[in-house]
Amino acid sequence: KKWYAVLGDPIAQSMSPAMHEAWFSENNIDASYIPIHVPAQGLGEAVTGLKRLGCSGWNVTVPHKSAIIPFLDHLEPSARQMNAVNTVHVLQDGSLVGSNTDGLGFVRSLEEAHGALYKGGDVLIIGAGGAARGIAYALHSSGYGPITFTNRTMDKAEELAQGLSGTSVLSVSVAEASLEKFSLIVQTTSVGMNFAQQGMPLAISNVAEGAVLADIIYNPLETEFLKEARNRGAKTMNGVGMFVHQGALSFETWTVKRPATKEMIGKITTTLG
Ligand code: ATR
């Protein structure tokens, strides 16, 4: 029987095990998926253990996404570009291949909800961390853009834009003033989890009609950012779709089967609601 895992710290809250187990069962694949609590200093030992015990592949989450890289034999372009891995696939010969499905997961969830409606429109990404980078890279590779970054710390946004062709930078205040030109706005900062203390990452009073505002956070299902966007009549998208699609892409990497994503998004939304 094949088995898979997710490594992280913390890990108890992860919804990946239930999601993958459901997909294995729906696809009649005799496999299981377990959460493993791995603190930062324990990663090397964990990888050795997983190899010895015949694990077929695993997901990697905080704080290991970049730290896992030295333990892998090969990186897919997605992981190399982002300098972060969320999926490890163990090949027949035992070699370890790292990829990153987070960014493409976002694009797939956008397209499952809206088709290619936002292709060709201006994209604004709020934030300049790993999530912003992954999403920008995947959007750009999938033909979206032009892409603009805005971030509290301008230097970080500029550094990011320099490393990714087809992207540029605006200060938060200029982005707020010119918000109506963007048809897709993606909130990637950690502010979404506690707006109460930190306020909005960007004021959205000038948002265009018909624009879609996406937040990568899924717990809470509706961040203050999305709530305000919805109250202004904009279309909104939370992070459940991105979470499900990044997992679906890992599942495809391991099994070459495409799992049911819409149903899973519905199930997780109900669980979190
Ligand atoms: P991740 O890898 O999850 O994207 P990260 O690399 O730590 O996380 O990046 C966090 C992002 O959230 C950054 O864009 C950060 O802005 P700074 O570059 O200015 O630090 C943004 N962020 C975090 N707290 C914020 C706050 N209170 N207001 C605005 N932006 C914030």
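Biologist: What makes a residue one of the 16 that surround the ligand?

Modeller: A residue counts as near a molecule if its C-beta atom, placed from the backbone, lies within 6 Å of it. By that criterion 16 residues surround the ligand, and the closest are Gly129, Gly130, Arg152, Thr153 and Thr189. This is a predicted model: local features need pLDDT of at least 70, side-chain atom pairs count only at pLDDT 80 or more, and totals for chains, interfaces and linings use all residues. Residues are numbered from 1 along each chain as its sequence is written.

Biologist: Which helix gives the largest share of the shell around the ligand?

Modeller: Helix α5 (residues 130–141) does, with 3 residues. Helices are DSSP runs (H or I, at least four residues), numbered from the N terminus. Tyr137 is also found in helix α5.

Biologist: Why is Tyr137 called buried?

Modeller: A residue is buried if 20 or more other C-beta atoms lie within 10 Å of its own, exposed if 12 or fewer, and partly exposed in between, with C-beta atoms placed from the backbone. Tyr137 has 24 such atoms within 10 Å, and is therefore buried.

Biologist: How do you know which residues are in contact with Tyr137?

Modeller: Two residues are in contact if their C-beta atoms, placed from the backbone, lie within 7 Å. Leaving aside neighbours within four places in sequence, Tyr137 meets this with Gln81, Met82, Gly103 and Leu164. As for Ser78, its C-alpha lies 8.1 Å from that of Tyr137, although the two are 59 residues apart in sequence.

Definitions and conventions:
Helix = DSSP H or I, 4+ residues; strand = E, 2+ residues; numbered from the N terminus.
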